Amino acid sequence: MDETEFWEIVDSTREAAGGDPEDHAELLVERLLRYDPDSVLDFARHFEARYNRAYRWDLWGAAWVLLGGASDDAFDYFRCWLIGQGREIFEGALHDPDALADLLDDFDEELDGDGEELGYAADEAYEQLTGLVAPDLGILPAPPEPVGAPVDFEDDAVMAQRYPKLWGRFMSD
């Protein structure tokens, strides 16, 4: 499975789910069940590589603004959700996290931002296909700490300056 096919699967299942992350995960598992186990592992490698690339302080800050705070777990689930939004939004967010203010049509913090189940979809499909737990993917692990300079999430002035578009759209009264 190449990168283009990976993103096509992500996009088509998201669109079919109407943007609902839980439905998206279910449809993703159903779609992956149409593939052979090696292809499912290829999908998992693509997903995990992007998940690891998104482990960055600047992106965590953007998630903090969007979600009104983001613990370690919340940021993990946000990265899964971000991948689920498709290549354009994912790559745009990595290029400039503040650009999420322009890239996202709408954002409901009760529904959006948490794609935990998306992170397990390939594992679930692989297990259903083979009866086995997915093996190690053989890719580099995420760094022990997010990449880049830490951001003081608790300082509103710093956050408003660092993420002016996101702050203006999602934190203004």
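## A tour of an all-helix model

Of the contacts in the protein with a separation of 6 or more, 73% are between residues 24 or more positions apart. Keep in mind as you click around that this is a predicted model.

**Start with the whole chain.** Show it as a cartoon and you'll get 10 helices and 0 strands. Reading from the N terminus, the order is α-α-α-α-α-α-α-α-α-α. The radius of gyration is 16 Å, close to the 16 Å from the globule rule for 173 residues, so the protein is as compact as a globular protein of that length. Line the view up with the principal axes and the C-alpha atoms fill a box of roughly 50 × 35 × 25 Å.

**Switch on the surface.** The accessible area is about 8,800 Å², with 47% of that belonging to carbon and sulfur atoms. Of the 173 residues, 46% count as buried. Now colour by charge: there are 12 positive and 43 negative charges, and their mean positions sit 8 Å apart.

**Select Leu129.** You'll find Leu129 in helix α8, which covers residues 121-130. Is Leu129 buried or exposed? Neither label fits: with a relative accessible area of 33%, Leu129 is partly exposed. Add Leu33 to the selection; Leu33 and Leu129 are 96 residues apart in sequence, yet their C-alpha atoms are 6.7 Å apart in space. Setting aside neighbours within four places in sequence, Leu129 also touches other residues, among them Tyr35, Pro37 and Val40.

**Next, the rings.** How many aromatic pairs does a search of the whole structure find? The search turns up 13. Pick Trp60 and Phe153, a tilted pair with 5.7 Å from centre to centre and 45 degrees between the planes. Trp60 belongs to helix α4 (residues 57-67) and Phe153 to the loop between α8 and α9, so this pair ties together parts that are 93 residues apart in sequence. Both partners count as buried, Trp60 at 7% relative accessibility and Phe153 at 11%.

Then jump to Phe78 and Trp81, another tilted pair, with 5.5 Å between centres and 35 degrees between planes. These two share helix α5 (residues 72-84) and are 3 residues apart, about one turn of the helix. Phe78 is buried at 0% relative accessibility, and Trp81 is buried at 1%.

**Last stop.** Select Tyr55, Trp57, Trp60, Trp64, Phe75 and Phe153 together: ring pairs link them into a cluster.

Notes. Residues numbered from 1 in each chain as written. Predicted model: local features only at pLDDT ≥ 70, side-chain atom pairs only at ≥ 80, totals over all residues. Heavy atoms only, no water. Helix = DSSP H or I, 4+ residues; strand = E, 2+ residues; numbered from the N terminus. Rg over C-alpha atoms; globule rule 2.2 N^0.38 Å. Buried < 20%, exposed > 50% of the residue type's maximum accessible area, 1.4 Å probe, protein only. Contact = heavy atoms within 4.5 Å. Areas by Shrake-Rupley, 256 points an atom, 1.4 Å probe, with all protein chains shown as cover. Lys, Arg positive; Asp, Glu negative; His and termini not counted. Charge placed at Lys NZ, Arg CZ, Asp CG, Glu CD. Phe/Tyr/Trp six-rings, centres within 6.5 Å; stacked < 30°, edge-to-face > 60°.
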